[in-house]
Amino acid sequence: MSSIRSNPERLSVLDHPNSYIGRTVPRPNLDRLLQGRGSYVSDLELPRMAHVVFLRSPHAHAKIVSIDVGAAKQIPGVIAVVTGKELAAVITPWVGVLSHLKGLKSAPQSAIAVDRVCWQGEAVAAIVATSRAAAEDTAEHVVVQYEELEAVTDMRTALDPATPIIHASLGDNLAFERIHEAGAVDQAFAESDAVVEADFVFGRHTGVTLEPRSVVADWNAAEARLTIYQGTQAPHMVQNIAALHLGLRDSQVRVVCKDVGGSFGIKVHVYADEMATYALAKLLRRPIKFVADRVESFNTDIHARDHRCKGKIGVKRDGTITAFEIDDLTGIGPYSMYPRTSAIEANQVVNLVGGPYTNKNYRARARVVFQNKNVMCQYRAVGHPIACSVTEGLIDLAALKIGMDPVEIRRRNLIADDAYPCASSSGLRFEQLSHHASLTKIVEMMDYQALRAEQARLRKDGIFRGIGIASFIEVTNPSAAFYGVGGARISSQDGVAVRLDAQGSVICQTSITEQGQGSESLTAQIVGSVLGVSMDRVRVMLGDTDMTPYGGGTWASRGAGIGGEAALQATKILRQNILEVAAAILQASPAELDIVNNGVVDASDGTPRIDLSELARIVYFRPDTLPPGIRPELMATRHFVPREYPFAFTNGVQAAWVEVDTDTGFVKLLRHWVVEDCGTIINPQLVDEQIRGGVVQGLGAALFEKCIYDDRGQLTNANMADYLVPMSGEMPDIDVGHVVSPTRESELGAKGAGEAGTAGAAAAVTNAVNDALTPFDTIITEIPLTPQVILTALGKI
Amino acid sequence: MTAPVAISLSVNGERVEAHVLPRLNLADFLREHLELTGTHLGCEHGVCGACTVRVGGEIVRSCLMLAVQANDTAVETIEGLSDSGEIADLQAAFRDRNALQCGFCTPGMLMAAQDLLREKRMPARDEIREHLSGNYCRCTGYQAIIDAVEATARMRMELKV
Ligand code: FES
Ligand code: FES
């Protein structure tokens, strides 16, 4: 690991000899998962629990003429069959808009469709029975009469006057439009030596978390409280929304989130069927379990990235980029998703295009349109893969046009490492990035010159290999600028409470959540380091709105940077409190003492003075022996949110080395490299594995993953056999390197790392494939890069 | 729907007698009837491998097998392999290498990996990738899993010589 900035004086609190910061240590509590003894929501059973199955619309757009539930209600084991109209008495509809996305509009959405369905898969009735099998059997006896309506499926014609309007009250199918103009774009293009244009096409794909979405909702009528067990990334957000729409106070709703079988943004939203499950529990006064099956997941988990983006770049002969222009179109399904809205991705695309480069001339338009397809919303690295693919694709095209090496053109345009703080042409503010150090490092790691030589040599034998490079920026540590300013009650701050218990063990409650990233580990590492106790003494509790401080949860790469800083600050206070008590007991001053290895020592020479367990014994059981006036507080709480910068931008670069079989159209991934700068690294192994996992999700999008709809809005590959996901056989080994520029917004200095992998992978692979195919004089700007796409480009089919 | 059928089998070494509907699959039987929730369901159509268990010593996808087909067999699940200590070293390697994130694929991965290691003492990385290519992991990107399996094979080799 290399460091371009070191701030030893800032990190003094973490400078303990036994600091866990920057060390690879195994995550606590992994044995539970390794022995199959985790508790995922799908494992949960409660007394009197019933199961719900949703009858879903087979049509993309239809009027519900009638629903006959008579026969279904008679079937043994059936507890209730509930239609949208009946459920509407318990839960109110919602509209997914945010006020800072000016002009964003959407229509009211109900937990279960009331008189019209707007996508194939929208629920029309809920069948509640004593077992899921019984409920599924019963679903076949619910008779629904539909009157099919014309479906709006192609986003390119969604705004045409001849296309039906999905929600008449909205006037048209345009959900959101944003136009951005900076600098003198026309003049810049006119003064360019070359101008290149391309149409980029991105497949609609989805998260495919291995555990499908699962909820158990339990209404306790005696307490008038609803407990929601759900695999979610944002428990307090779910609490607030469930309460709001069921007419409850927040304090009447508890959200518990134990183990979660994958999330990636899929589980940061609140879905209609989940809302219906909460409402059914209240209506039927018993615990109700909903576990999506895989077909339902494909039809109802949010989709992402259905974009077509026209891009244009101007360049001088010496490689200087003069201007970028984009026109992005995206289809989001029939509703803007609640509460985060479906306009964020397009907005991000406008924000991020051209982001790593010094160019000042930038024009962008993004339009977001409604369609009769499943809803589309935020999924890992929201908008980043689109923006990165467009930007990096255009840069490679420009390089090709002027005959410049792809690494060289980047070197000439990336923002200099000493130019910060500065801003992008879309107005993003950068605190400190390290594009050049990162590029230099990756070129070294991959041995760029040797690969170029190998490429040339093999090309003579008819073997076509290519190198693709993609620099990127990533939004992490979001402040209130993301949702709060738009009126959404999604907390951007996180809180941590940490306490010393009677036997000297440390309990820490945090509002960030764990879905496998290692939130528990990084929290325990920080608390252990700052307090001076060993990690095995620290127990981290999370994922329970009754037990943790209020906070945002884990999304947008914010766990370490925001939750980690809150843990650091809370622990500093606790440490000070402990030292004050110790000083009173030892008749010393706090400044003369330190905590090392679970005990209070002399700061000067490390002589042990009193063990923390002994100190705790005195405080809790013999406070009468303490000097008068001492009020020992062995618990401290702190919250944190970045204030100066709305986001902590990270940066990085990825490189792919691929081989294209020009006869079959198959792409073989040979190697992949990433250099990333996420600021302070708390646990190197966890960061590397987040990046690897993220890269593979990006590679899935690049090569395999696509939700394929027909003209009538039917999803034709809604199963794991037909929707291809990356498996171990096709994935390459991925080398990860780091540059470290800590953020000065926090004492910890950590930025996020969860999405960097996904942000740049597809761009690197697409550039590599085009590089491999240079002898064939063809350029592909569409993903996934299926054999069909490649053979078509080669004119072979 | 037909009537329940009596089955008798051993699960993790314990005798189990039950009456099950003929259509009940083995995964649901293990999870719902025996409350052995370590066997996970990711797809319920035979693609993801999360439900992998051992029946008569061979790994199978328990979502594709009926409980009645397991009559008279010995079924082993992740709980059984954990308690017997058979895969303690493999689990330790997974832990040290962070070869799991959400952990949902992990029971199936461990079953499949142990199956390979019983067949072959020192598989090459490609062979490990190939053998595990029926087990989907969305979180890790696989490399850490391959590393952990490789490390376990090496350790077992060293212990044997
Ligand atoms: S659940 Fe059996 S293979 Fe996926
Ligand atoms: S660790 Fe989450 S699916 Fe493998």
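These exercises walk through pockets, cavities, helices and unusual backbone spots in a predicted model.

In this predicted model, local features need pLDDT of at least 70 and side-chain atom pairs count only at pLDDT 80 or more, while totals for chains, interfaces and linings use all residues. Residues are numbered from 1 along each chain as its sequence is written, chains are lettered from A and ligands numbered from 1 in the order in which they are written, and side-chain values use heavy atoms, with hydrogens and water left out.

**Exercise 1. Describe the largest cavity.**

Step 1. Fix the term. On a 1 Å grid over the protein atoms alone, a cavity is a set of points where a 1.4 Å probe fits but cannot get out; lining residues have an atom within 4 Å of a point. A volume is the space filled by probe spheres set on the points, which are joined across faces, edges and corners.

Step 2. Count and size. The structure holds ten cavities of 30 Å³ or more. The largest cavity has about 690 Å³ of space.

Step 3. Find the lining. It has 45 residues, and A:Gln517, A:Thr554, A:Ser557, A:Gln690 and A:Gly754 lie nearest the centre. Helix H14 (519–531), helix H15 (559–586) and helix H17 (684–703) of chain A are the elements that give two or more residues to this lining. Helices (H or I, at least four residues) and strands (E, at least two) are DSSP runs, numbered from the N terminus.

Step 4. Sort by class. The lining has 20 nonpolar, 20 polar and five charged residues. Here Ala, Val, Leu, Ile, Met, Phe, Trp, Tyr, Cys and Pro count as nonpolar, Asp, Glu, Lys and Arg as charged, and the others, Gly among them, as polar.

**Exercise 2. Do the second largest cavity in the same way.**

Step 1. Its volume is about 140 Å³.

Step 2. The lining has 19 residues; A:Gln109, A:Trp119, A:Tyr271, A:Ala272 and A:Asp273 lie nearest the centre.

Step 3. By class, that gives eleven nonpolar, five polar and three charged residues.

**Exercise 3. Which elements line the second largest pocket?**

Step 1. A pocket is an open set with protein on both sides within 12 Å along at least five of seven lines. This one holds about 940 Å³ of space. Of its 37 lining residues, A:Phe666, A:Val667, A:Leu703, A:Phe704 and A:Glu730 are the closest to its centre.

Step 2. Chain A brings strand S30 (667–677), strand S32 (782–783) and helix H19 (787–793), and chain B brings helix H5 (125–131); each supplies at least two lining residues.

Step 3. The classes are 21 nonpolar, six polar and ten charged.

**Exercise 4. Find the unusual backbone spots.**

Step 1. Start from the usual case. Most residues other than glycine have a negative phi, and most peptide bonds are trans.

Step 2. Look for cis bonds. The bond from A:Tyr420 to A:Pro421 is cis, with omega near 0°. A:Pro421 sits in the loop between helix H11 (406–413) and strand S19 (422–423) of chain A. A second cis bond joins A:Ile783 and A:Pro784. A:Pro784 is in the loop between S32 and H19 of chain A.

Step 3. Look for positive phi. A:Asn477 has phi near 45°. A:Asn477 lies in the loop between strand S21 (464–476) and strand S22 (494–500) of chain A. B:Tyr142 has phi of about 75°. B:Tyr142 is in the loop between H5 and helix H6 (143–160) of chain B.

Step 4. Buried or exposed? Buried means under 20% relative accessible area, exposed over 50%, partly exposed in between (1.4 Å probe, protein chains only). A:Asn477, at 3%, is buried. B:Tyr142, at 1%, is buried.

**Exercise 5. Why is helix H9 (residues 344–352) of chain A described as largely enclosed?**

Step 1. Nine of its nine residues are buried, so the rest of the structure largely encloses H9(A).

Step 2. Among the buried residues are A:Ile344, A:Glu345 and A:Leu352.

Step 3. A:Gly354 follows H9(A), with a positive phi near 75°.

**Exercise 6. Classify two helix pairs.**

Step 1. Axes are lines fitted to C-alpha atoms, for helices over the stretch in contact, and angles run from 0 to 180 degrees between N-to-C directions. Angles under 35 degrees count as roughly parallel, over 145 as roughly antiparallel, 65 to 115 as roughly perpendicular and the rest as oblique.

Step 2. The axes of helix H3 (residues 88–96) of chain B and H6(B) come within 9 Å and cross at roughly 140°. H3(B) is therefore oblique to H6(B).

Step 3. The axes of helix H10 (residues 384–402) of chain A and H11(A) come within 9 Å and cross at roughly 110°. So H10(A) and H11(A) are roughly perpendicular.
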